Amino acid sequence: MVTRLLYLTRHAEQDLSEPSGPDAGEPDTGLSERGRRQAILLGERLGARRFAAVHHGPLRRAAQTAELVAKSLPDVPVYETELAGDHLPHDTDPAGLPPAYAEFLTQFSAAERVDGPRVTADAVRRFAGPVAEGPAGGEPVRELVVTHSFLIAWLVRHALDAPEWRWLGLNSHNAGLTVIRYSAAGPPNLIALNDVAHLPPELRGTGLPPDYLM
């Protein structure tokens, strides 16, 4: 088995200036100008590494982030996949949770509580482990997944073997990097979490809760 280095990033900042109807929910809009800058800088950060593939979810903000990042990764294939979409990762029982978490969970429908965990389990099977074959010389296989905060939180929780409810409260920066190493030698290794060294201060902290302080 060959070591996998899984690079996870939340899509860059979404453009929420486009109007939407009262029943439209969160609009499927692309990136803001600030988000485009975030994505370009992320690509420049990753450009020195050799990647096997870039995967992204189907929503426009994820697709546009992947497109901009991939400009710095020549000859790397880019794939759209439902596995990197914006899904509820686990049908978490709100009983006994802090009130804010319990209230948050009430917004999800019965269908979302079934479909989201199913897709997330498929994502874990696809990405969360070593790979059968890799490049010559023992170099690890690097894959980038441009996704959403929920999946990153779930994969971090999974890597640490934390309680299933503990994906709640794990928030990702727009265009921040989380890196997990999977090898046959031992349990997953969380190498980086919410790394934003590639972003200047004015581009950091977007996508986080409003009471977050840098």
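The exercises below go through one predicted model, each with a worked solution.

Residues are numbered from 1 along each chain as its sequence is written. Local features need pLDDT of at least 70 and side-chain atom pairs count only at pLDDT 80 or more, while totals for chains, interfaces and linings use all residues; side-chain values use heavy atoms, with hydrogens and water left out.

**Exercise 1. Describe the elements and overall dimensions of the chain.**

Step 1. The chain has 5 helices and 6 strands. These are DSSP runs numbered from the N terminus, with helices being H or I of at least four residues and strands E of at least two. From the N terminus, their order is β-α-β-α-β-α-α-β-α-β-β.

Step 2. The C-alpha atoms fill a box of roughly 55 × 40 × 30 Å along the principal axes.

Step 3. A compact globule of 214 residues would have a radius of gyration near 17 Å, and the chain agrees because its value is 17 Å. The radius is taken over C-alpha atoms, and the globule rule is 2.2 Å times the number of residues to the power 0.38.

Step 4. Of the contacts (heavy atoms within 4.5 Å) with a separation of 6 or more, 74% are between residues 24 or more positions apart.

**Exercise 2. Find the surroundings of Gly205 and Thr206: are these residues buried or exposed?**

Step 1. Thr206 is in the segment after β6 (189-195), and Gly205 lies in the segment after β6 too.

Step 2. Buried means under 20% relative accessible area, exposed over 50% and partly exposed in between, using a 1.4 Å probe and protein chains only. Thr206, at 7%, is buried. Gly205 also counts as buried, because its relative accessibility is 19%. In the chain as a whole, buried residues make up 46% of the 214 residues.

Step 3. Leaving aside neighbours within four places in sequence, Thr206 is in contact with Glu13, Arg34, Gln38, His173 and Asn174. The side chains of Thr206 and Gln38 are also joined by a polar contact of 2.9 Å. Such a contact is a pair of N or O atoms within 3.5 Å; within protein, one must be able to donate a hydrogen and the other to accept it, and residues adjacent in sequence count only if both atoms are side-chain atoms.

Step 4. The C-alpha atoms of Gly205 and Ser172 are 8.8 Å apart, although 33 residues separate them along the chain.

**Exercise 3. Describe the largest pocket: which element supplies the largest share of its lining?**

Step 1. On a 1 Å grid over the protein atoms alone, a pocket is an open set of points with protein on both sides within 12 Å along at least five of seven lines, and lining residues have an atom within 4 Å of a point. Grid points are joined across faces, edges and corners, and a volume is the space filled by probe spheres set on the points.

Step 2. The largest pocket holds about 810 Å³ of space. Its lining has 34 residues, and Asp86, Phe104, Phe108, Ser149 and Phe150 lie nearest the centre.

Step 3. α3 (99-105), α4 (110-127) and α5 (149-160) each supply at least two lining residues. The largest share, 6 residues, comes from α4.

**Exercise 4. Describe the second largest pocket.**

Step 1. The second largest pocket has about 170 Å³ of space.

Step 2. Among the residues lining the second largest pocket are Leu5, Arg45, Val179 and Asp195. β1 (4-10), α1 (33-46), β5 (177-182) and β6 each supply at least two residues of this lining.

Note on methods:
1 Å grid on protein atoms, 1.4 Å probe; cavity = no way out; pocket = protein on both sides within 12 Å on 5 of 7 lines; lining within 4 Å.
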